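Here's a quick walk through how some helices sit against each other. Pull up the model and follow along.

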Amino acid sequence: MVHRLIDNIRGLGTGSAVLHIGAHPDDEEGGMIALLSQKHAARVVYWSATRGEGGGNRRGPERAEALGLIRTWESLEARAVDGGEVGYGPFYDFGFSKSGADSLRRWGTDTMVREIVRAIRSVQPQVVVSRWSGTERDGHGHHQAVGMAAREAYEAAGDADRFPELGLPAWRASKLYRSMARDWQPGEEGAFGIAVEEYESAGCLRLDTGEVDPLTGLSYQEQAHRAVSHHRSQGIAFLPEPGPYLFYYRLEDSRVPVPSHEQDFFTGLDTGLTGLPVEGLPPSLRARERLAALAAAVDGAVAAFHPLDPAPTAHHLLPYLDGADELLADLARAEPAPVAAALSRFLGGLSARCHAVVAACLRLRVECRTGARYASPGETLRVDVRLWNGGKEPAGPTEVELAVPEGWSVRRSVRPDTTTTIGPAAVAFGFEVTIPEREPATTPYWLRVPRGPFAYAWPDHGPEAGQALGEPLVSAHVKVNVRSRPLALSADAVHRDTVPGGDRELRLTVLPQITVAPREQLAVIGRSEAEQVIVLDADVRCLGAAGGLVTLSVAVPAGWILEPASVAAAFSRTGESRSVRFELRVPGGTDAGDYELRYRMWNGQSQDAIEVSPVRIGPTLGAAKAADCVQEAHLVRPAVVGVRVVDAVFIRTLRYGYISGIDESIVATLGRFDIDITQLKDSDLQFGDLAAYSAIVVGPNAYNTRPAVGAYADRLLRYARDGGTLIVQHQTYGYDDPALLPWPARFHQPHDRVTDANAPVTVLQPEHPLLHVPNCISASDFDGWVHDRGLYFLGEWDRRYAPLLASHDADEPPSAGGLLSTSVGRGGYVYVAYSLFRQIPAGVPGAIRLFANLLGLADVRVRERAAQLAEVELFSTLTEEELYEAAKIVAERWVDAGTVLAHEGERGQEMFILLTGSIDVLKGQPGGEPRLLHVAEPGEILGEFTLLADIPRSASLRAATDSAVLVVRSDAFTGWLESQPGFSRRILAQLARKVVAKDAVP
């Protein structure tokens, strides 16, 4: 585009580079980037510490590293609109962090400082702008971490003794600014671009990005809003509109004098080439004078520019290239070496950009095309290089070379069209490139080595570290003679073709001839004394051009039996796929622990199989396919399946229901534990027989993501009151609505959460059955957790809830609202905010054991009430089986001191069995206070005669203390009696003895 070309020409005469640093790909302030890169022709680089792998994804299913790739592409799209560039740190977005200290503890303070230093020394900015302040106003701990490290990195970048291992010359930026904008998330309300009196009074720098760019006719902020809307995975969208739009910045440090009120970032700076650091260089070098001459050449080029014929501009810039080359040659021999090296790096970057600008002005273009999008090890592919001349200036190639990885071979094609002129305006060169047999599959540079928990592994040296995508596998480098002056042009090797609605260019990618994709990466089974069978399904795909035959097997632990021992698959062409299945017999008595299954294959040689997972985006939202994607990369890993044997016991005699919420795989992961668990549909919530399930589990955030769950919440609570066990995993704000909970509770804001997966966990009620049946939960069950402990803990709750566990992040008080249990009528309710939805799919044994106990609570609660009934004389003659059935009709109720449970003279519908506390039995007196007949103690039955004979109560019942009672309703009791005729006779005998022994009590 013409406006980009003129900006690039102007940029050759300026030393005003700006580094903007943030934590995530969408933290940037695009209006500032557009203003500086276009109005000031400054080079602006936005550096993100992470690639945003821990965020959400509204465009597709990709998570983790795959999402990081998508967000990298989105950032490149955004910068293509606002004129900036993109750089990255090696840090992995591990999810929400509460504080900068927490983030730096994981990432490492020195490492964060070092990587920002790397960015400063690479970009060589005059100005560093931190998006974040390093304080709590930044919100997310990742934001705070970058802000906290910014000042030290700004200082350290200019100290040659700090981080020499980076291999980059020290560089002293002149100014450090911090944005005054606070944190904001898509969907939140916010006031953007308005005047803020507080910042005006404090003397903050104000930039108005609503200024109109004369080349595009749009304001810089309109362009920025179009740019930021490319962060589609984050659901970001702004409506571009003209008008003032203000940003504020606080100057934290300046190494040059500045007035109290600055006009822009460059106030007080020499932004021309003469402002580059030359202090200490020998006067004989005449560095500043020669830089001024380069700037003058740029001024002439700008003055000569005409969009319809930019060639005269190129002629003004040819002396610029000569002068830059000469100065670079002299700097290579100059002292002091550190100063010369820093200037050489900056000037070398300008020279490379000038070659590209001259070529654009002369309408010279190099293309490097591959005949295929993919290639496999051992194959030879054709690469065509074309030099296009769309201008009038004679230009002939003097050198044409291909840059390829070490070990690749390149030879000029012997075909007749090797140097044939294609029409009067293009010259073509053909090459044949052979790929080594052992060439690894192509994957983004930061993914070549398995990452650590909080950062990628990449080399300290080399050009790729910090780049958005890294270097291409193959690139063409052409030297063109223009007016006796060599011009260097280059192009990445790409495959170009059409897609629905347009065309695309994709870099050459090396992929294995055969790939193996196991259907699952982790198989979780329970420890058993019996033999178990694991079915292993995998998709085998041929990517080689010639097809072939492969024999596949799986390396398994000693004593495990694989059937069949191997499978052969034949392919006649590229793109074909086959599904293969093995059955693996795991011996009974296999110890709990981790085991590895490694796919092996033979196709001429024995080797480990490779799994290749494509990551793609298309021109629109939604999943993209190979045929219509416009960006593509591949995640590469060994074709390995882990087997985790877990010592966990489930109660398999019960039937369970599961209401899914957000996308997770708890039910699928537990599929080999022989649990009767049914995924409930919306129609089940509306019309289904919920009583058919002993326990129902509500998935994470289901009340928010599935409208039917909230709409039929009353049915779920009624299910619990009628004897079911309702287990609710974490829900978001709004779930503390009284209509959704059995008893009052509420979230704190912000909600309590524990972000450290290794945070201490304290057992608050060690004897609670949920921690003992069927698995005894101990401290070791909280080892090996991933990502976090939990989120959306309840902050406050009614005393009828029993908090069972407490956990907390460092320097915070314990949060006990992550696991709450209570009785609800005849059933029970549990709120569990511990992140089982992350832990169970990861095969964390303790989380699986805890989930088994949650499911088993339905059985435990009935048995616990059966034990309580066994202590009551009325039920003491029942067998264990009869007690279990009787317990199902019993409800539990908490009553405060002073609460009246029954009134004298009313017809009773309930019988009470006192569990804890005491209850006064009161007889009314004419015209006076009621007389105390009796104080009931735990274990006593109250109201059985009224229940059985349907007669008015002869006394009132009032709680003398806070008490808990078991409640038996007459309809439930009558129905149970009808099914227990033997018990009917025994209960009549006991009641007769009670009448004889003492006056009846209601």
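**Two helix pairs**

Keep in mind that this is a predicted model. Start with helix α9, residues 287-304, and helix α10, residues 311-331: they pack with their axes 8 Å apart, at an angle of about 165 degrees. Angles over 145 degrees count as roughly antiparallel, so that's what α9 and α10 are to each other. As for handedness, α9 passes α10 in a left-handed crossing.

Now zoom in on who touches whom. On the α9 side you'll find Arg 290, Leu 291, Leu 294, Ala 297, Val 298, Gly 300, Ala 301 and Ala 304. They meet a set of α10 residues that includes Pro 312, Thr 313, His 316, Tyr 320, Gly 323, Glu 326 and Asp 330. Sorted by class, this contact has eleven nonpolar residues, four polar and three charged.

Next, swing over to helix α5 (residues 109-123) and helix α6 (residues 141-156). Their axes are also 8 Å apart, but here the angle is about 55 degrees. That value falls outside the parallel, antiparallel and perpendicular ranges, so α5 and α6 are oblique to each other. This time the crossing is right-handed, with α5 passing α6.

What does α5 bring to the contact with α6? Met 112, Val 113, Ile 116, Val 117, Ile 120 and Arg 121. Across from them, α6 offers several alanines, among them Ala 145, Ala 149 and Ala 153, along with Val 146, Glu 152 and Tyr 154. The tally for α5 with α6 is twelve nonpolar and two charged residues, with no polar ones.

Key
Residues are numbered from 1 along each chain as its sequence is written. This is a predicted model: local features need pLDDT of at least 70, side-chain atom pairs count only at pLDDT 80 or more; totals for chains, interfaces and linings use all residues. Side-chain values use heavy atoms; hydrogens and water are left out. Axes are lines fitted to C-alpha atoms, for helices over the stretch in contact, and angles run from 0 to 180 degrees between N-to-C directions. Helices (H or I, at least four residues) and strands (E, at least two) are DSSP runs, numbered from the N terminus. Angles under 35 degrees count as roughly parallel, over 145 as roughly antiparallel, 65 to 115 as roughly perpendicular and the rest as oblique. A crossing is left-handed if the near helix is turned anticlockwise from the far one by less than a right angle, and right-handed if clockwise. Contact means heavy atoms within 4.5 Å. Ala, Val, Leu, Ile, Met, Phe, Trp, Tyr, Cys and Pro count as nonpolar, Asp, Glu, Lys and Arg as charged, and the others, Gly among them, as polar.
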